[in-house]
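User: Please take a close look at one strand of this model and describe its setting, its pairing and what surrounds it.

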Amino acid sequence: DSTLIAILPGDGIGPEVTREARRVLEALDLGLRFEEAPVGGAAYRTSGHPLPPETLALADRAAAVLFGAVGDPAFDSLERALRPEQAILGIRKHLGTFANLRPARIFPGLEDASTLKPEVARAIDLVIVRELNGDVYFGAKGRGTTPAGKREGHDLMRYDEDEVRRIARVGFETAAKRRGKLCSVDKANVLETSQLWRDVVMEVAVDYPQVELTHMYVDNAAMQLVRNPGAFDTIVTGNLFGDILSDQASMCVGSIGMLPSAALDGAGKGLYEPIHGSAPDIAGQGKANPCAAILSAAMLLRHSLGQDAAADRVEAAVAAALGRELRTPDMGGDATTAAMGEAVLAGL
Ligand code: NAI
Ligand code: MG
């Protein structure tokens, strides 16, 4: 259903921030319909499972999913399969969303909230394209004992060429729509997986002569991200390296409450969520920064609905609200979640 948006608010600040994002989507008057379903601890409470079949069915029917966050300290002692966090892993896998787009750019006026020098922070406008369904996270895992009686553990790092090819294509497509620069991050000096990665990325490059491709080892990339982040346009990398580099990038732009993300299946279906969690320490207090959720809604408009102009409007409205020096507590202000949402609506 091309007009149906599934809203899965989840736990903690999830419902608080998705409420503001939904209001923004409604205000655009695009003829969208919204249906909500419980997920995470909220779903476990009512149905005994963090990802009930009805919630998955809604996600399947919808054009796109707007996700809040899951995680509830009340359920931390549950067995792993029933923990709220299983819901986000389960739904990504169910939807086959293998490409994770994590844009990091600094909004004017937020340089002072960055951990970098203002003149370095000001230049950040990059996107990390992280592979989400493979790598060492999904390879064979095990614990054992060595012949000498020592405890041992292992996780297999593995990619096949199709998995690399499809994420490489997303990387090139993303770069082609931006400044035309793609940096593939690997560890090809040491890892076989990375050598395959590099070979396949270079094969795909033939189809994108307009994109300038470079390769960088992940340790150097970590250093360059804080030394000169303005030099990056699009980064494509595996699941593990992308996980680490994107968390690093988030602090460079001021607050974890500012970073949206999109998990895409390559065919238009997507799951959109702020990169932060349920923040139990501030839940229910109106302190959460809704910008990451609102910017995730903008990504939904752009990537699943093809509503680029509407997405631009939302991003401009966030910039305008921040430009009026409105700040939630994570960025040193005292605006409430609702006040921040109101300001974005006013900006629309
Ligand atoms: P977190 O991201 O929830 O919070 C980390 C810190 O950042 C906290 O001090 C929090 O108050 C602050 N923060 C996060 N989002 C904010 C926002 N929008 N505005 C203002 N401040 C914000 O990470 P944490 O504390 O490690 O995890 C809390 C729960 O969330 C755990 O159960 C964890 O498993 C879960 N989690 C869920 C994720 C998801 O649903 N995709 C992702 C990360 C964590
Ligand atoms: Mg992470």
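Strand 12 and its partners

Analyst: Strand 11 (residues 260–264) runs antiparallel to strand 12, and five bridges join the two. The model is a predicted one. Within this pairing, Pro-260 has Pro-274 of strand 12 as its bridge partner. The two strands form a hairpin with five residues between them, where Gly-266 adopts a positive phi near 85 degrees.

Strand 12 also pairs with strand 3 (residues 64–69), here in the parallel sense and over two bridges. In this pairing, Leu-66 stands opposite Tyr-272 of strand 12.

Strand 12 itself spans residues 270–274 and is mostly covered, with five of its five residues buried. Leu-271 and Glu-273 point one way from the strand, while Gly-270, Tyr-272 and Pro-274 point the other way. Both sets are buried, and the charged residue Glu-273 is among them.

For the wider setting, the UniProt record, an unreviewed entry, lists residues 4–344 as "domain: Isopropylmalate dehydrogenase-like". Over that range the chain is 40% helix and 20% strand, and the C-alpha atoms at its ends are 23 Å apart.

The model also holds ligand 1, with 21 residues around it. Those that come nearest are Gly-71, Gly-257, His-276, Gly-277 and Asn-289. By class, the shell around ligand 1 is made up of eleven nonpolar, six polar and four charged residues.

Terms used
Residues numbered from 1 in each chain as written. Chains lettered and ligands numbered in written order. Predicted model: local features only at pLDDT ≥ 70, side-chain atom pairs only at ≥ 80, totals over all residues. UniProt positions renumbered as here; feature names shortened; annotations may be inferred. Helix = DSSP H or I, 4+ residues; strand = E, 2+ residues; numbered from the N terminus. Buried ≥ 20, exposed ≤ 12 C-beta atoms within 10 Å, placed from the backbone. Pairing = 2+ DSSP bridges. Near = placed C-beta within 6 Å.
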